[in-house]
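Here is a short tour of a protein model, taking in its cysteines, its nonpolar cores and one of its helices. Have a look at the structure first, and then read on.

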Amino acid sequence: MAGQLILRRADFFASTAQAVAVADRYPQNVFAEHTHDFCELVLVWRGNGLHVLNDRPYRITRGDLFYIRAEDKHAYASVNDLVLQNVIYCPDRLRLNVDWGANIPGFLDARANPHWRLGSNGMALVRPVIAQLEQESQKNDPHAFELSELLFAQLVLTLNRYRFATDGPAASGQEALLDKLITALAGSLNRSFVLEKFCEQEQCSERALRQQFRTQTGMTVNHYLRQLRICHAQYLLQHTEMMVSEVAMQCGFEDSNYFSVVFNREIGMTPVQWRHRSRKAA
């Protein structure tokens, strides 16, 4: 695409021998759509924002994990205290005898799911690995490059062990309460969600959980769920032939008129207008 912003290896890697580096975003600001000539793993630590990956919007917050290929186009918008880390790598420079394709979605198969979640247990394990990787990646010597790749292998294997589908059941009893809640919200896009019932089931304080959620994500529970539903609606409007009323039902809105009002308020145009604009731009 003419005029597409492309991030280049030479601006992020210490030398042509370096395979892995870390790019912190404290915080991640609004960033225009771009591609790279390298790949990256994106892990969100705190806050929230809108991540648009290959024209699909994702409302992201603590624990969201993305595997970005060099040719993918993505952007960040509507950010609120969004803190994330990008672990960037050049596949052609990796030298370890590791089955990278089995551990990195999209490494070999472009159809692989790029979006996962990582619970509190997994985040606690990978944080020190990324910290050590960041230290080594700032050094420009062969030993540092080799250590960086070893740490990168440890990172991708750990992520493979602890990641789970965004709406899957893997945020089980062993995960933190906040992880369970975020997973439950992602799994309720097409139906109602009652926080009171969730808290009764988990035997926890609704008030405390609401406060914890807002502290970690920068949003209320209701705002986050509404944003998830609107993002899903955008995807369905662009990629399916569903009527607006059908999209509304699939996104948890029983009243299509109310859905249109909420969509217009959040996006700045009606669902029909957005569908027309998004398809024209594709």
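In this predicted model, Cys 251 is buried, with a relative accessible area of 0%. Cys 231 is buried too, at 7%. Are the two bonded or apart? Their sulfurs lie 10.0 Å from each other, too far for a bond, given that a disulfide needs the sulfur atoms within 2.5 Å. The whole structure, in fact, has zero disulfides.

| Cysteine | Relative accessible area | State |
|---|---|---|
| Cys 231 | 7% | buried |
| Cys 251 | 0% | buried |

Now to the nonpolar cores. The largest has 29 residues, and those touching the most other members are Leu 41, Val 87, Phe 152 and Leu 155. Several elements each supply at least two residues to this core, including strand S4 (39-53), strand S7 (74-89) and helix H2 (120-137). Helix H3 gives the most, with six residues.

Leu 41 makes a good place to zoom in. Beyond its neighbours within four places in sequence, Leu 41 is in contact with residues that include Phe 66, Val 87, Ile 104, Phe 152, Leu 155 and Leu 159. Polar residues such as Gln 85 and Asn 86 are also among its contacts.

Another core, of 15 residues, lies apart from the largest one; Leu 181, Ile 182, Val 221 and Tyr 224 are among its members. Leu 181 and Ile 182 also appear among the buried residues of H4. Helix H4 (residues 177-186) is largely enclosed by the rest of the structure, because eight of its 10 residues are buried. Asp 179 and Lys 180 are among those buried residues as well.

How values were computed:
Residues numbered from 1 in each chain as written. Predicted model: local features only at pLDDT ≥ 70, side-chain atom pairs only at ≥ 80, totals over all residues. Heavy atoms only, no water. Buried < 20%, exposed > 50% of the residue type's maximum accessible area, 1.4 Å probe, protein only. Helix = DSSP H or I, 4+ residues; strand = E, 2+ residues; numbered from the N terminus. Core = buried A, V, L, I, M, F, W, Y, C linked by side-chain atoms within 4.5 Å. Contact = heavy atoms within 4.5 Å.
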